[in-house]
Amino acid sequence: MSTRTPRSRAPRSRRLHRILPTLALACLAAPGLALPAHATTGTAPAHTRHTAQTGSLQAAEASFPTWGTRWVVHATPDINSPSVGMINQNSAGQDRVTADYQVDTGRRVCEGSACSTFMAHLTSPVTGFLTVVAVDIPEDRLPGVPVQAAHGGTQAGARQQTLQRAATWLTANGGRPVPYSQSSRWRDGYRQDCSGYVSMALGLPTPGTTTVGLATNRGLTRPIAMSELQPGDLVIDAIGNSNTRHVVIFERWNDAAHRSYMAYEQRGGRGTTHQSLSYGLNAGSEYKAYRPVQYGD
């Protein structure tokens with residue numbers, strides 16, 4: 001086992017989950033159907049400072065509290081790699097950790113009801129990799145800290161992971177697409193609307209952020225030109241009314257003239273689809289292109 005927790009302390013998710021402000025959100029719903037929507041926002045770290053650029057990824061060191069005891073810090077982003085040290089060796093919360101990036105390993109680590117696939121690269125008090133489960137936050141990854149791919153190629157790897165996760169909802173409902181709903185959550189904890197779906201694909205905290213949040217939160221995305229779209233980027237209408245606000249995940253252009261593109265979409269009346277779209281390609285369209293900052297470019 002890579003970690004050990006104190007019997008007297010409850011798992012972090014049980015202690016920290018709380019009701020957070022709700023935000024207005026909408027996706028393209030079935031004709032004539034307007035549904036209520038809810039979302040939560042993450043908690044930013046208390047202390048953040050920017051450091052020099054590492055490769056193609058801008059590192060951002062941030063300090064976080066920890067919980068539990070005897071958390072192992074590993075040599076690589078693999079819980080089976082050798083130990084390079086330990087935090088909270090004698091008491092819960094003894095050490096505060098500083099991380100400059102995190103890695104989505106794709107391997108889920110749980111302690112009680114707290115789970116995460118992310119491992120943070122620590123710069124103090126020990127240099128190495130620590131499961132994010134050890135960090136005393138409600139999210140399943142460190143807020144405000146850049147994400148690198150598990151096996152080099154930070155941009156391409158992270159983009160591919162987004163598309164792979166997006167594809168899972170095409171058959172997750174017993175071989176059928178996940179149905180659309182602004183009020184229900186799927187088995188993985190994410191809302192079954194467009195922004196909940198995109199949040200799942202990006203690996204954001206459950207139940208997912210809002211369509212407006214995906215477009216305006218510069219900790220999540222930045223605007224780009226439609227011509228700059230790459231696999232895993234987003235196309236968002238954040239200005240429309242409650243029946244038209246929407247977000248889709250760009251996969252690839254269908255032709256060199258950029259007249260249409262393939263995208264993953266969660267839409268009312270259809271559920272999860274992978275199809276050709278042209279949102280944002282016509283003059284005056286409210287759809288705009290955005291790049292998730294987790295890709296590091």
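In this predicted model, Tyr-279 and Tyr-287 are both buried. Their rings form an aromatic pair with centres 4.6 Å apart and planes at 10 degrees to each other, an arrangement that counts as stacked. A pair of aromatic rings is described by the distance of the centres and the angle of the planes, and both values are given for the pairs discussed here.

The structure contains seven aromatic pairs. In one of them, Trp-253 and Tyr-261, the ring centres lie 5.8 Å apart and the planes stand at 90 degrees, so this pair is edge-to-face. Planes over 60 degrees apart fall into that class, whereas the 10 degrees found for Tyr-279 and Tyr-287 makes their pair stacked. Trp-253 and Tyr-261 are both buried. Ring pairs also bring Phe-250 together with Trp-253 and Tyr-261 in a cluster.

It is helpful to turn next to the nonpolar cores. In soluble globular proteins, nonpolar side chains tend to be buried together. The largest nonpolar core here has 26 residues, and the members that touch the most others are Leu-214, Leu-234 and Ile-249. Several elements each supply at least two residues of this core: the helices α2 (154–168), α3 (194–202) and α4 (211–216), along with the strands β10 (234–237) and β11 (246–253). Of these, α3 gives the most, with six residues.

Leu-214 offers a detailed view of the packing. Leaving aside residues up to four places away in sequence, Leu-214 touches Ser-195, Val-198, Leu-202, Leu-204, Thr-209, Leu-220, Thr-221, Ile-236 and Val-247. Apart from the largest core lies another one, of 23 residues, with Phe-64, Val-126, Val-132 and Val-133 among them.

The cysteines complete the picture. The model has one disulfide, which joins Cys-110 to Cys-115 with an S to S distance of 2.0 Å. This distance lies within the 2.5 Å cut-off, so the two sulfur atoms count as a disulfide. The link between Cys-110 and Cys-115 is right-handed, with 115 degrees about the S-S bond. As for the surroundings of the two partners, Cys-110 has a relative accessible area of 36% and is therefore partly exposed. Cys-115, at 17% relative accessibility, counts as buried, because buried means under 20% relative accessible area. The disulfide of Cys-110 and Cys-115 thus joins a partly exposed residue to a buried one.

Notes. Residues numbered from 1 in each chain as written. Predicted model: local features only at pLDDT ≥ 70, side-chain atom pairs only at ≥ 80, totals over all residues. Heavy atoms only, no water. Buried < 20%, exposed > 50% of the residue type's maximum accessible area, 1.4 Å probe, protein only. Phe/Tyr/Trp six-rings, centres within 6.5 Å; stacked < 30°, edge-to-face > 60°. Core = buried A, V, L, I, M, F, W, Y, C linked by side-chain atoms within 4.5 Å. Helix = DSSP H or I, 4+ residues; strand = E, 2+ residues; numbered from the N terminus. Contact = heavy atoms within 4.5 Å.
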